[in-house]
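Trainee: I should be grateful for a close look at the surroundings of the ligand in this model. Please describe what lies around the ligand and how far the model may be trusted there.

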Amino acid sequence: MVNPLPNANVQSEAVSISSDTGDVQHFIDGAFVSSASGATMENIDPATGQVYGSIAAGAQAEVDRAVEAANRAFSIWSKMAPADRSSRLLRLADLIDTNLESLARAESVDTGKPIALARAVDIPRAASNLRYFANAVLHHHSEAYEHQQGASRALSYTLRQPRGVAGTISPWNLPLYLFTWKVAPALATGNTVVAKPSEVTPVTAHRLAALSLEADIPPGVFNIVHGRGDEAGAAIVAHPQIPTITFTGGTATGKHIAATAAPMFKRLALELGGKNPTLVFADCDFETTVSGATRAAFANQGQICLCGSRLLIERSIFEKFTDAFVDRVQSLRQGDPLEESTQQGAVVSLAHQRKVLNAIDVARQEGGTILCGGEAAPAPNDRCRTGYFVKPTVITGLDEHCRTNREEIFGPVVTLMPFDDTDHAIRLANATDYGLAASIWTNNLKRAHHLADRVQAGIIWINCWLVRDLRVPFGGMKQSGVGREGGAEALHFFTEPKSVCLSLDE
Ligand code: NDP
């Protein structure tokens, strides 16, 4: 299992960003292009607060061009033997591996996340996504039934055909990881793609486009339009020639997208926000749980949809666990994301830093007690003196009804609440509009099964967190999303089933 809070005993790399460029262009029909209007946006390094590149800002015109190219390419790509598509995607995965170091560095600079995390998790997972779906599509089988009605016999089977151009929209927290999580199954099943990464973190998608040329992916098969969500993103969602939309992002954006896509009868997958509980029972392995709960809360500065931001702790160990947890959180090394030993980097933007600090103020107003953190962190070095850092924050003394315990903060902020028994733990775990993930820490197997059955979440971890088998369905219930990604679910999502019945009568 990879540890998203890396430890310090790795060799230090000199911090130099001279070779890093945040310049980004659209990738349409196999070529890098600017916006027709010439519009651009600034690309900001969150660790320094400095502009380090310029991003082409696309809108309707770029989406139209990309869709045109993708439609043309569809007739070639969808007819290509799956093994040929697969070998190109496998090559792309290999190229990601070859470029691991520079991609990890680009991801760290673009997002503010620790470089060790990008190297251990983000980039390897992007390669795994491509490799998994490139292989899965070769082994995916269709169904066939032989049946008899009176004296007549027939064979029914299902064809699964690619649906055309898929629109993929992904967020800033795990940029290349989530970008490829959508693009890989879409391409593997023979669809072509118009993708929009977050404007906040577009660099690794841009680099992937260059690698796709080396992987011999034909022009037009894979297109990227950069730009603001309400322009480029909205144009993808509303485009009449994009029948399939997959979106990962906030619940409010998801609602908006659903309202546009539903009357157009588009197929839509929504992976949205979370307010995930971490349930700690008195019989847990104490040290493992303190460490697991810390990772679950603060990996990637708490900016993972699966982060456990509500810690529910059995009352008999509440005080002891709280002390140990706060100690552990205070020992996290906050630093320059490009330093190898850094465990907590910057949050992704100034706007996000303000949002997180504002949520901490709300917690104070609601009567919460800040046990540690609660404010912006001082700059870790001179290079980062104008960066966006927030101290890992632990809050207690709030009940399940307050905003702090109901609204997603998506930053390094966690609340602690005690529970009395299993039923109480389940009530607290389910006291939110979200239902994405939960982790349960106990040595009582029977209780763990019972909780897995009762807690309302699409993903349940027992004595672990963020361990992912790409074959299992991934997604949330309630306001955490609609549909599932991963494994066969993704292969089904990107294909249209067609049932064919063949008479076997002579
Ligand atoms: P947003 O919803 O703001 O943005 C997600 C993506 O949608 C971005 O590419 C954004 O573009 C784009 N977008 C914004 N507005 C529109 C629109 N009107 N039409 C089409 N596209 C649009 O989310 P964040 O990027 O802030 O990501 C954080 C959220 O993502 C959190 O709520 C988190 O829980 C959720 N998330 C969910 C995951 C899951 O698997 N369930 C995984 C990871 C994150 P731009 O950024 O350029 O404006």
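Mentor: The following account takes the confidence of the model before turning to the ligand and its surroundings.

This is a predicted model, and the mean pLDDT of the protein chain is 95. Of its residues, 96% reach 70 or more. Confidence is highest in strand 8 (residues 192-196), with a mean of 99, and lowest in strand 5 (residues 144-149), with a mean of 95. Residues 1-18 have a pLDDT below 50; this stretch nevertheless has 49 contacts in the model beyond near neighbours in sequence.

As for location, the ligand occupies the largest pocket. Two or more residues of the shell around the ligand come from each of helix 7 (229-238), strand 10 (244-248) and helix 8 (251-261). Helix 7 makes the greatest contribution to this shell, namely four residues. In total, 31 residues surround the ligand, and the closest are Lys196, Thr253, Leu272, Cys305 and Glu408.

Thr253, one of those closest residues, also places a polar side-chain atom 2.6 Å from an oxygen atom of the ligand. From Ser198, an N or O atom of the side chain is 2.8 Å from an oxygen atom of the ligand. Gly249 takes part through its backbone, where an N or O atom lies 3.3 Å from an oxygen atom of the ligand. Taken on its own, the ligand has 890 Å² of accessible area, and the protein covers 88% of that area.

Terms used
Residues numbered from 1 in each chain as written. Predicted model: local features only at pLDDT ≥ 70, side-chain atom pairs only at ≥ 80, totals over all residues. Heavy atoms only, no water. pLDDT = per-residue confidence, 0-100. Contact = heavy atoms within 4.5 Å. Near = heavy atom within 4 Å. Polar contact = N/O pair within 3.5 Å; in protein donor to acceptor, adjacent residues only side chain to side chain. Areas by Shrake-Rupley, 256 points an atom, 1.4 Å probe, with all protein chains shown as cover. 1 Å grid on protein atoms, 1.4 Å probe; cavity = no way out; pocket = protein on both sides within 12 Å on 5 of 7 lines; lining within 4 Å. Sits in = over half its atoms within 2 Å of the grid points.
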